[in-house]
Amino acid sequence: MKTLEEIEEIRRNKRQELDLRVNQNSPTREKHILICHGTGCTSSKSPEILKKFKEIIEEKHIENVRVIKTGCFGLCAKGPIVIIRPDDTFYAMVTPNDCEEIIEKHILKGEIVERLLCKDIDGSKVQKLDELSFYKKQKRIALKNCGRINPEEIDEYIAFDGYKALEKVLKEMTPEDVIKVITDSGLRGRGGAGFPTGKKWELTKAPVADQKYVVCNADEGDPGAFMDRSILEGDPHSVVEAMAIAAYTVGANQGYIYVRAEYPIAVHRFQIAIDQAREYGILGKNIWGTGFDFDLDIRLGAGAFVCGEETALLESIEGKRGQPRVKPPYPAVSGLWGKPTLINNVETYANIAQIILNGAEWYSSIGTETSKGTKVFALGGNVNNIGLVEVPMGTTLREIVYDIGGGIPNGRDFKAAQTGGPSGGCIPKEHLDTPIDYESLKQIGSMMGSGGLIVMDDTKCMVALAKFYLEFTVSESCGKCTPCRIGTKRMLETLTKICDGKGTEEDIHKLEKLATNIIKSSVCGLGQSAPNPVISTLKYFRDEYEEHVIDKNCRAKECKAMSKIIIDPEKCKGCGLCQRSCPVSAIKGEAREKREIDQDKCIKCGTCLASCPFKAIG
Amino acid sequence: MEEIKCNCEGVYKEILEKYDKDKSNLIKILNDVQEKSGYIPLKAQQEISEYLNMPLAEIYGVITFYSRFTLKPKGKYHVAVCLGTACYVKGSQKILDRLKERLKIEEGETTADGKYSIEATRCVGACGLAPVFTINNEVHGKATVKMLDEILDQIDANEE
């Protein structure tokens with residue numbers, strides 16, 4: 001148990017101790033070595049780097065240096081990342097073998113290890129984190145603490161104004177005050193649909209009930225999205241604090257966070273955060289003597305995309321099959337075990353404490369007319385700087401892909417960007433300058449979604465992409481309502497037919513008709529949005545569909561049934577390497593003769609392409 | 001029907017006793033069993049049914065709804081290829097195809113000798129390393145078909 005005074009003292013002392021994390025001119029002789037322990041960097045062995053650093057420091061009895069594990073810095077493509085503070089030096093792709101050199105040169109002599117610096121888009125080597133173009137256009141609010149603090153130490157969170165917002169709310173504000181601030185800030189749900197958060201809180205506060213709940217939706221199911229995971233891994237206390245604030249506001253005393261079991265690191269760190277908060281008396285009975293009770297529990301998902309839908313999620317928390325309920329009644333009226341329940345997404349919660357501390361006006365000054373604040377995107381696919389970016393609403397797609405993302409690798413062209421995962425759509429080249437906010441994305445046939453942003457180059461077939469998403473929805477449809485269960489299956493069959501080169505023009509019309517019907521008649525958001533990938537690719541890449549069904553041609557050469565592998569007789573020297581490499585003996589020809597491919601036998605595996613030293617096969 | 005007896009002396013006693021006799025704990029318990037046994041055996045289902053006082057059919061319904069739970073044991077080496085969008089765009093399908101070709105089993109199946117099983121998994125969240133596959137939860141990033149073959153060759157060599 002800690003009193004408010006004790007917490008304030010921790011904050012003061014710790015803040016001073018950690019000044020070098022945020023102040024490059026900090027008057028200290030200490031140095032902190034921060035090592036990213038997000039999922040990406042952990043997979044590329046960052047825990048070993050941490051161990052190695054500690055060993056060297058101990059062995060050489062080096063003083064005034066600390067090694068700290070942090071959450072995600074965002075630039076996952078260049079991981080594992082090591083940052084030295086206070087001078088803010090950014091080392092990329094570090095291996096355990098580099099630790100010795102960093103200690104010897106940087107820590108002991110103050111020299112930069114040039115070879116480990118990160119190359120910027122223009123090819124120049126950049127020393128400091130904030131000089132990298134990847135970070136220049138970003139504004140970090142939800143990710144404020146990711147990469148700054150050790151997520152497993154509550155004191156480090158407290159040092160940077162942690163739990164100050166909760167204190168302010170419990171001591172100085174009524175629930176109505178909180179709702180007003182959140183409403184005025186213009187914050188909207190970051191899970192994808194963009195429902196005004198203040199309004200949701202107000203709706204949940206309204207009913208009179210003996211029991212209410214607050215829930216955090218951390219069932220980040222969109223393939224290619226990992227924002228929520230990074231927040232939970234890098235700054236779990238910000239979610240604990242926001243949920244406590246939400247509980248106070250709507251009148252709940254119990255909270256649940258529903259996390260995917262596929263995110264073991266996030267679950268582990270969040271559990272640590274809960275335990276620490278309990279130990280400090282920030283969770284539990286009569287918090288800080290204010291009479292407010294609140295406790296928090298983790299519930300694990302078990303691999304069902306539909307559980308990201310709020311009512312399916314509630315069913316799953318209750319231990320049942322995660323099938324959505326018919327709305328209304330909305331969870332604000334009848335949610336968990338029939339009680340009024342507030343459900344917000346992780347990223348939404350991560351903004352709350354900042355809004356309370358800095359005010360609605362500050363928050364609403366960022367962003368566009370209808371979409372305020374920032375949005376975190378998981379940038380992935382065919383783009384140079386894969387990683388996590390947080391930008392003000394209204395930033396254009398071009399800025400994200402080219403200025404932050406560093407453009408498309410291998411000199412290829414941008415073809416489309418996909419937002420909103422299986423519920424969203426593709427944005428083609430001509431809309432690259434659209435400012436990203438809820439409305440404008442909807443207008444061009446996509447949606448904000450939870451924040452996955454996948455870039456595709458010109459080697460991707462848009463019909464095959466639509467098929468990929470339909471495969472996903474078909475396997476994730478819960479089966480409760482017919483349009484979704486059977487409709488999406490029929491759509492997938494039609495798309496498969498087209499990709500196999502057996503489609504007709506009639507099939508395209510069928511797809512359109514089915515799409516409209518499924519959207520109109522499905523029970524929940526999953527079905528209502530499942531046809532979106534088809535609709536948006538049809539809208540912008542109809543010519544590709546037509547090529548598939550009329551010319552039987554896939555220009556991206558991704559649909560194998562339509563691609564033919566041919567040996568160019570001009571270039572073939574008759575070496576026979578392809579013949580030997582072919583797993584199905586489809587290549588004919590005698591020694592030193594020009595070879596030919598038997599198209600009936602060929603399985604289009606592409607092995608021969610790689611084997612030919614004369615590039616005669618294509 | 002054969003009488004099912006369980007007074008919580010069973011194999012899964014340790015797991016069950018961590019939780020209250022509350023139906024909402026079902027998924028947590030199943031997650032623990034899956035973790036411990038690599039699948040959810042009938043015996044475990046029976047014990048859970050007794051403990052939470054709920055029908056076996058209902059438990060079976062929950063198990064088959066969630067893709068993380070399996071009724072069959074996984075292989076000693078469980079290879080999961082990520083088919084999240086970021087990995088798909090970077091060619092993870094080719095890795096899955098090669099894996100199926102090499103092991104001669106389909107997704108969700110286990111080889112006859114119980115050595116390998118394959119899963120096509122959704123985003124594991126390591127998109128920065130796409131395409132990725134995992135073997136018993138160890139992530140292998142920036143994967144290629146060649147790399148997959150090398151790793152499996154290594155496992156085969158070590159096993160012999």
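Domain bounds here come from an automatic or database domain assignment. With that in hand, start the tour on chain B, where the assignment gives domain 1 (13-65) and domain 2 (77-159). Select the two and look at their centres: taken over C-alpha atoms, they are 29 Å apart.

A quick note before you click on. What you have open is a predicted model, where local features need pLDDT of at least 70, side-chain atom pairs count only at pLDDT 80 or more, and totals for chains, interfaces and linings use all residues. Residues are numbered from 1 along each chain as its sequence is written, while chains are lettered from A and ligands numbered from 1 in the order in which they are written.

**Stop 1: the rest of chain B**

Turn on the cartoon for chain B and you'll find 7 helices and 4 strands; helices (H or I, at least four residues) and strands (E, at least two) are DSSP runs, numbered from the N terminus. Follow the sequence and the pattern reads α-α-α-α-β-α-α-β-β-β-α. The C-alpha atoms fill a box of roughly 50 × 35 × 25 Å along the principal axes. Of the 160 residues of chain B, 41% count as buried. Buried means that 20 or more other C-beta atoms lie within 10 Å of the residue's own; 12 or fewer makes it exposed, anything in between partly exposed, and the C-beta atoms are placed from the backbone.

Now zoom in on Pro131(B), in the loop between strand E2 (116-121) and strand E3 (133-135) of chain B. The peptide bond leading to Pro131(B) from Ala130(B) is cis, with omega near -5 degrees. Most peptide bonds are trans.

**Stop 2: chain A as a whole**

Switch to chain A, which has 26 helices and 17 strands. Its radius of gyration, taken over C-alpha atoms, is 27 Å, close to the 25 Å that the globule rule (2.2 Å times the number of residues to the power 0.38) gives for 618 residues, so chain A is as compact as a globular protein of that length. The C-alpha trace spans about 90 × 65 × 40 Å along its principal axes, and 53% of the residues count as buried.

Try colouring by domain: 1 (17-136), 2 (154-363), 3 (374-457), 4 (462-551) and 5 (564-618). Between domain 1 and domain 3 of chain A, 8 residues of the former are in contact with 9 of the latter, contact meaning that C-beta atoms, placed from the backbone, lie within 7 Å. On the domain 1 side, the touching residues divide into 6 nonpolar, 2 polar and no charged. For those classes, Ala, Val, Leu, Ile, Met, Phe, Trp, Tyr, Cys and Pro count as nonpolar, Asp, Glu, Lys and Arg as charged, and the others, Gly among them, as polar.

**Stop 3: where the chains meet**

Show both chains. Here 39 residues of chain A are in contact with 31 residues of chain B. To find the chain A side, select helix H3 (39-43), helix H14 (310-317), strand E11 (374-381) and strand E15 (452-457), the elements that each give two or more residues. By class, that side has 15 nonpolar, 18 polar and 6 charged residues.

**Stop 4: a pair of crossing helices**

Stay in chain A and pick helix H12 (residues 236-250) and helix H15 (residues 346-358). Their axes come within 8 Å and cross at roughly 75 degrees. The axes are lines fitted to C-alpha atoms over the stretch in contact, with angles from 0 to 180 degrees between N-to-C directions. That makes H12(A) roughly perpendicular to H15(A), a label for angles of 65 to 115 degrees; under 35 is roughly parallel, over 145 roughly antiparallel and the rest oblique. Among the residues that meet are Val239(A) and Met243(A) from H12(A), and Tyr349(A) and Ile352(A) from H15(A). The contact has 10 nonpolar, 1 polar and 1 charged residues.

**Stop 5: single residues in chain A**

Is Ile35(A), in strand E1 (residues 31-36), buried or exposed? It is buried, with 26 other C-beta atoms within 10 Å. Its contacts include Ile49(A), Leu50(A) and Val82(A).

Next, go to Pro86(A), in the loop between strand E3 (82-85) and strand E4 (89-91) of chain A. A cis peptide bond joins Arg85(A) to Pro86(A), with omega about 15 degrees.

Finish at Asn286(A), in the loop between helix H13 (264-279) and strand E9 (295-301) of chain A. Phi of Asn286(A) is near 45 degrees, a positive value in a residue other than glycine. With 10 C-beta neighbours inside 10 Å, Asn286(A) counts as exposed.

Notes. Contact = placed C-beta atoms within 7 Å. Lists of a residue's contacts leave out its neighbours within four places in sequence.
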